[in-house]
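Student: Could you take me through one part of this model closely, namely the second largest pocket, and then set it beside the nonpolar cores?

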Amino acid sequence: MPLPFLTADRDLDTDAAESAALPHDEPDHWRRPYRPGPWRVGAAAVLLLLASFVLLSAMIIAMAGSLHGAAVCAVVGALMVALAVRLLRVGLWVSAQGLRQVNLLRTATEPWSSVTSVRTRQQPVRWLGLPRTVQGQALIIERTTGEPLRTLVTDHNGDFLSRPEAFERAADVLEAWAAEHRC
């Protein structure tokens, strides 16, 4: 059962609604031009489920009287929640200022003036971020100085595994952003 009122890319029926900008249509705000994939969302959901069990055990331990053990469990649960949220934010984000590459532990921002090209290339890519590599497509972002950015968007990562049309669409959007905003 489709629920078009829950998605940002729904078909708008009226003429007035077609000219109205979506809330995320501001070029100055950072946004990811693609949705997180089912593998990434599933991994974050499992991590949040485990965090809920850890936090529940922290409450039980606190009621049993061991505050030190409860504090340790609460800290571990909070770290698991933070890790799940960060896992959902991993990806490429764009705005009029530049390109932001959000990794699990690090974020790198490049202004559009230092990006020379954004293109796809056939190469060995990591399957779901694991050490195993397979032949696939990767989005390569070359800079004016130094080496290209670390490959983050591939057709076999957590966002695009088993969704090749979504990878093509995201790569086209990222290439268009680069062509439009590069000086």
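Tutor: In this predicted model, strand E4 gives the most to the lining of the second largest pocket, with four residues. The elements that supply two or more residues to that lining are helix H2, which runs over 38–64, and E4. The lining as a whole has 19 residues, and those that lie nearest the centre of the pocket are Arg 40, Leu 128, Gly 129, Arg 150 and Asn 157. Sorted by class, the lining comprises nine nonpolar, seven polar and three charged residues, and the space in this pocket comes to about 560 Å³.

Strand E4, at 115–126, also has a part in the largest nonpolar core, where E4, strand E1 (91–94), strand E5 (133–143) and helix H4 (164–181) each supply at least two residues. This core has 19 residues, and Leu 92 and Leu 99 are those with the most contacts inside it, while H4 is the element that gives the most to the core, with seven residues.

Leu 99 deserves its own look: when its neighbours within four places in sequence are left aside, Leu 99 is in contact with Trp 30, Leu 92, Trp 93, Val 94, Ala 108, Thr 109, Glu 110, Trp 112, Ile 141, Leu 149 and Leu 174. Apart from the largest core lies another, made up of nine residues, including Leu 47, Ala 58, Cys 73 and Ala 84.

How values were computed
Residues are numbered from 1 along each chain as its sequence is written. This is a predicted model: local features need pLDDT of at least 70, side-chain atom pairs count only at pLDDT 80 or more; totals for chains, interfaces and linings use all residues. Side-chain values use heavy atoms; hydrogens and water are left out. A nonpolar core is a set of buried Ala, Val, Leu, Ile, Met, Phe, Trp, Tyr and Cys residues joined through side-chain atoms within 4.5 Å. Buried means under 20% relative accessible area, exposed over 50%, partly exposed in between (1.4 Å probe, protein chains only). Contact means heavy atoms within 4.5 Å. On a 1 Å grid over the protein atoms alone, a cavity is a set of points where a 1.4 Å probe fits but cannot get out, and a pocket is an open set with protein on both sides within 12 Å along at least five of seven lines; lining residues have an atom within 4 Å of a point. Grid points are joined across faces, edges and corners, and a volume is the space filled by probe spheres set on the points. Ala, Val, Leu, Ile, Met, Phe, Trp, Tyr, Cys and Pro count as nonpolar, Asp, Glu, Lys and Arg as charged, and the others, Gly among them, as polar.
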